[in-house]
Number of protein chains: 2
Amino acid sequence: MALPDGAFGADAQAGRQKARQCQTCHGIDGIARIPIAPHIAGENDIYLITQLKAFRSGKRTHEIMSVIAENLSDEDIADLAAWYASIEIKATIPE
Amino acid sequence: MALPDGAFGADAQAGRQKARQCQTCHGIDGIARIPIAPHIAGENDIYLITQLKAFRSGKRTHEIMSVIAENLSDEDIADLAAWYASIEIKATIPE
């Protein structure tokens with residue numbers, strides 16, 4: 001099943017492969033495995049692209065994300081964002 | 001049903017009330033309504049507390065969040081984090 005393209009004709013399927021480096025903290029499904037990492041499942045690709053570029057430029061800093069983002073190309077960022085944006089999420093408010 | 005307390009004995013029910021100011025961007029259920037805002041449903045309270053304090057201190061900046069966080073007390077931050085952490089989320093990976 002072809003995944004919907006994200007912003008800028010990104011390739012979510014390529015993003016799925018590139019996301020292997022993210023799984024330790026952000027989980028296979030984008031639900032964070034560690035308390036200092038955010039869930040990124042179903043996150044809007046524009047938000048993700050903005051944050052990854054902020055980590056890459058230094059506008060936003062984090063000891064791990066700054067290092068990871070340093071080597072990401074614009075295409076990597078668009079593909080990763082398209083992949084995580086393609087994950088469906090459902091929220092249930094407590095009664 | 002009493003909500004589970006978050007970190008630091010926070011009051012998720014009080015956080016639910018305080019979250020009214022967040023709903024325009026982050027949605028009633030923590031699923032963002034605008035592409036520049038992140039989903040915060042089910043987010044780990046430690047992550048949320050860290051981000052809100054970063055916006056309050058200026059370590060992290062955003063035209064809207066910096067203004068909102070400026071007036072939040074530590075108790076407000078803990079309550080808001082406990083509320084959003086109490087929202088259940090489920091992620092479904094595309095085949």
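Here is a short tour of a predicted model, going from the pair of chains to one histidine and then to an annotated span.

**Stop 1: both chains.** Show chains A and B together. Turn chain B by 180 degrees, with 0.0 Å of shift along the rotation axis, and chain B lands on chain A with an RMSD of 0.0 Å. The two copies are thus related as by a two-fold rotation axis. Want a landmark for that axis? Select K90(B): in chain B, its C-alpha is the one nearest the axis, at 2.6 Å.

**Stop 2: the interface.** Now colour the residues where the chains meet. Of the interface residues of chain B, 100% are also interface residues in chain A, so the copies meet through the same surface.

**Stop 3: H26(B).** Zoom in on chain B and pick helix α2, residues 23-26; H26(B) sits in this helix. Is H26(B) buried or exposed? Its relative accessibility is 10%, and buried means under 20%, so H26(B) counts as buried.

Next, put a distance label between the H26(B) side chain and the backbone oxygen of P38(B): you should get 2.9 Å. Then show the neighbours. Leaving out residues up to four places away in sequence, H26(B) touches I31(B), A32(B), A37(B), P38(B), I40(B) and M65(B). P38(B) thus turns up in the contact list as well as in the distance you just labelled.

**Stop 4: the annotated span.** Hop over to chain A and select residues 10-88, which an unreviewed UniProt entry annotates as "domain: Cytochrome c". In cartoon view, this span is 53% helix and 1% strand. To finish, click the C-alpha atoms at the two ends of residues 10-88 in chain A: they lie 18 Å apart.

Technical notes: Residues numbered from 1 in each chain as written. Chains lettered and ligands numbered in written order. Predicted model: local features only at pLDDT ≥ 70, side-chain atom pairs only at ≥ 80, totals over all residues. Heavy atoms only, no water. Least-squares fit on C-alpha atoms with pLDDT ≥ 70 in both. Contact = heavy atoms within 4.5 Å. Helix = DSSP H or I, 4+ residues; strand = E, 2+ residues; numbered from the N terminus. Buried < 20%, exposed > 50% of the residue type's maximum accessible area, 1.4 Å probe, protein only. Polar contact = N/O pair within 3.5 Å; in protein donor to acceptor, adjacent residues only side chain to side chain. UniProt positions renumbered as here; feature names shortened; annotations may be inferred.
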